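Here are some worked exercises to try with the sequence and the model side by side. Have a go at each task before you read its solution.

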Amino acid sequence: MKQKILLVAVVIGCTIFSACTTTVQHPKYVFLFIGDGMGLAHVTLTEDYIAAKNGIHGNGNVSFTQFPVTGLVTTYSANTLVTCSSAAATALSTGHKTNNNMMGIAPDSVTHFASVTYPLYHAGYKIGVATSVSIDHATPGAFYATSLSRSNYYDIASQAAATGFDFFAGSGFVYPKGKNNDQASIYEQLETAGYRIVRGTEGAAQLDGGDGKIVLVQAESEKERRRLPYAIDRKEGDLTLPQITQAAIKALYNPKGFFAMIEGGQIDWAAHANDGATMIHETIDFSEAIKIAVDFYHQHPGETLILVTADHETGGLSLGRDGKYAVNPLAFDEQQHSLEYESNDSTIAAVQEINSNAFCAWPTKGHTGIMVPIYAIGAGSERFSGKLDNTDIPKRIAELMGVEFSGLK
Ligand SMILES: [Zn+2]
């Protein structure tokens with residue numbers, strides 16, 4: 001009788017917790033969220049801030065930290081232990097390491113790598129590449145383009161039209177007509193290739209799923225095309241990463257499946273500026289975007305995989321400073337706007353004082369070489385536990401989605 005009860009308990013347990021199944025589930029719908037520059041300290045501080053806002057001493061929750069699978073990812077590039085975003089994104093998209101500043105091309109400057117998005121696209125999956133910065137920036141760029149330098153924005157952007165991918169989104173393109181404004185328009189190239197250009201929140205809201213290939217961008221101005229407004233500076237009507245995520249799902253959802261890379265690109269930018277409040281609000285916004293994918297996962301639980309990771313850590317953020325055993329997250333509420341919104345000697349000093357009052361320190365305005373977390377939920381998520389290298393991630397995605405993948409052209 002005892003044995004029978006035990007057996008029943010195991011069967012019920014395995015029905016509730018899919019971890020009991022030995023066969024790996026193969027996802028049809030895969031989200032790869034990349035929080036640019038988002039180290040463990042950035043996530044922890046954001047959760048401490050959420051808890052403090054709710055009057056709780058301790059730690060709150062962003063939308064992804066309670067995913068059942070977690071791992072740690074090494075991020076070094078081919079030529080240094082401290083990667084830049086283009087070398088890291090090359091590893092995350094092609095499974096190969098390269099030197100800092102290079103995108104999708106080996107350190108020999110000759111061998112071209114190929115992003116996992118290409119074999120997935122040729123296998124019939126719809127492909128989306130989305131970001132809160134410009135579509136030709138390092139992280140999104142590496143998922144569709146190759147270039148000897150991440151700074152070749154026009155060269156990178158001009159490779160988008162030929163991909164055939166189904167959805168691109170972000171603030172815009174840095175040089176839509178080239179650096180000297182004298183080259184063929186990226187937007188015209190995309191339209192000729194059959195893309196529909198959709199602008200702003202209104203354009204995003206009008207998408208209903210039967211729209212064909214889409215490029216979604218913020219309404220254009222010199223500043224806005226480089227990045228969406230920071231969450232802390234947001235005005236009514238500004239395009240947001242959660243809206244982009246919603247639009248991506250509408251554009252990509254189909255019976256065969258999709259792969260969507262969605263980047264929270266400005267966690268990094270705020271951390272470069274050692275601007276804690278802006279970083280926290282960017283991480284919360286990134287979490288809100290992931291929440292939309294989590295809703296999708298609940299509608300398609302056996303077929304969806306959500307991965308959340310970072311390309312590297314930025315700023316070397318420490319929680320606790322000057323020998324004090326304390327963090328005061330609410331100190332960041334003293335700040336109403338990003339440092340970039342109005343950057344002068346007095347706002348720079350004010351942000352430094354807020355960091356000090358919060359007992360947070362930033363030893364660098366650059367990146368660091370520390371491992372970053374990965375969080376996973378859904379079909380195949382168990383393949384992302386333990387210690388990974390960033391090059392493992394696209395290989396495991398390809399394997400789970402059933403495509404051959406060498407990462408080479
Ligand atoms: Zn950076």
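**Exercise 1. Two helices that cross**

Find the angle at which H2 and H11 pack, and how far apart their axes are.

*Solution.* This is a predicted model, and we begin with its helix pairs. H2 and H11 pack at about 90 degrees, and 9 Å separates their axes. An angle from 65 to 115 degrees counts as roughly perpendicular, so H2 and H11 are roughly perpendicular to each other. Next, look at who meets whom: H2 brings His42, Val43, Leu45, Thr46 and Tyr49, while H11 brings Met279, Ile280, Thr283 and Ile284. Sorted by class, the residues of this contact are six nonpolar, three polar and no charged.

**Exercise 2. A second partner for H11**

Is H9 roughly parallel or roughly perpendicular to H11? Work out which residues make the contact.

*Solution.* Start from the geometry: helix H9 (residues 241-252) packs against H11 at an angle of about 25 degrees, with the axes 8 Å apart. Angles under 35 degrees count as roughly parallel, so H9 is roughly parallel to H11. The crossing of H9 and H11 is right-handed. From H9, the contact uses Leu241, Pro242, Thr245, Gln246 and Ile249; from H11, it uses Asp285, Phe286, Glu288, Ala289, Ile292, Ala293 and Phe296. By class, the contact of H9 with H11 holds eight nonpolar, two polar and two charged residues.

Now for the spacing of such contacts. An α-helix has 3.6 residues a turn, so residues three or four places apart point the same way.

**Exercise 3. The order of the sheet**

Write down the order of the strands in the open sheet, then name its edge strands.

*Solution.* The open sheet is formed by 10 strands with mixed pairing, in the order E5-E6-E4-E3-E7-E1-E8-E13-E2-E14. Its edge strands are E5 (196-199) and E14 (386-389), each of which pairs on one side only. From one strand to the next, the twist averages 15 degrees.

Zoom in on one edge: E5 runs parallel to strand E6 (residues 214-217), and four bridges join the two. As an example, Val198 has Leu216 in E6 as its bridge partner. At the other edge, helix H13 (residues 392-401) runs at about 100 degrees to E14, and H13 lies across strand E1 (29-35), strand E8 (304-309) and E14.

**Exercise 4. A covered helix**

How many residues of helix H3 (residues 85-94) are buried? Find what covers them.

*Solution.* Count along the helix: 10 of the 10 residues of H3 are buried, so "mostly covered" is the right description by the cut-off of 20 or more other C-beta atoms within 10 Å. Among the buried residues are Ser85, Ala89 and Leu92. The cover includes E1, helix H4 (117-122), helix H5 (138-141), H10 and H13. Step just past the end of H3 and you meet Gly95, with a positive phi of about 80 degrees.

**Exercise 5. Buried or exposed?**

Locate Asp36, Asn181, Asn274 and Met371, and decide for each whether the residue is buried or exposed.

*Solution.* Take the residues in turn.

- Asp36 is in the loop between E1 and helix H2 (40-53). Asp36 counts as buried because 28 C-beta neighbours lie inside 10 Å. Its contacts include Ser85, Thr139 and Asp268. Asp268 is 232 residues away along the chain, yet the C-alpha atoms of Asp36 and Asp268 are separated by 5.1 Å.
- Asn181 is in the loop between strand E4 (167-170) and helix H7 (186-192). Asn181 is exposed because it has 9 other C-beta atoms within 10 Å. Its phi is positive, about 60 degrees, although Asn181 is not a glycine.
- Asn274 lies in the loop between helix H10 (266-272) and helix H11 (276-299). With 23 C-beta neighbours inside 10 Å, Asn274 counts as buried. Asn274 has a positive phi near 55 degrees.
- Met371 is in the loop between strand E12 (367-368) and strand E13 (372-378). Met371 counts as buried, with 20 C-beta neighbours inside 10 Å. Met371 touches Leu72, Val73, Thr74 and Thr75, not counting residues up to four places away in sequence.

Definitions and conventions. Residues numbered from 1 in each chain as written. Predicted model: local features only at pLDDT ≥ 70, side-chain atom pairs only at ≥ 80, totals over all residues. Pairing = 2+ DSSP bridges. Axes fitted to C-alpha atoms, helices over the stretch in contact; angles between N-to-C directions. Contact = placed C-beta atoms within 7 Å. Buried ≥ 20, exposed ≤ 12 C-beta atoms within 10 Å, placed from the backbone. Parallel < 35°, antiparallel > 145°, perpendicular 65-115°, else oblique. Left-handed = near helix turned anticlockwise from the far one by under 90°. Nonpolar A, V, L, I, M, F, W, Y, C, P; charged D, E, K, R; others polar.
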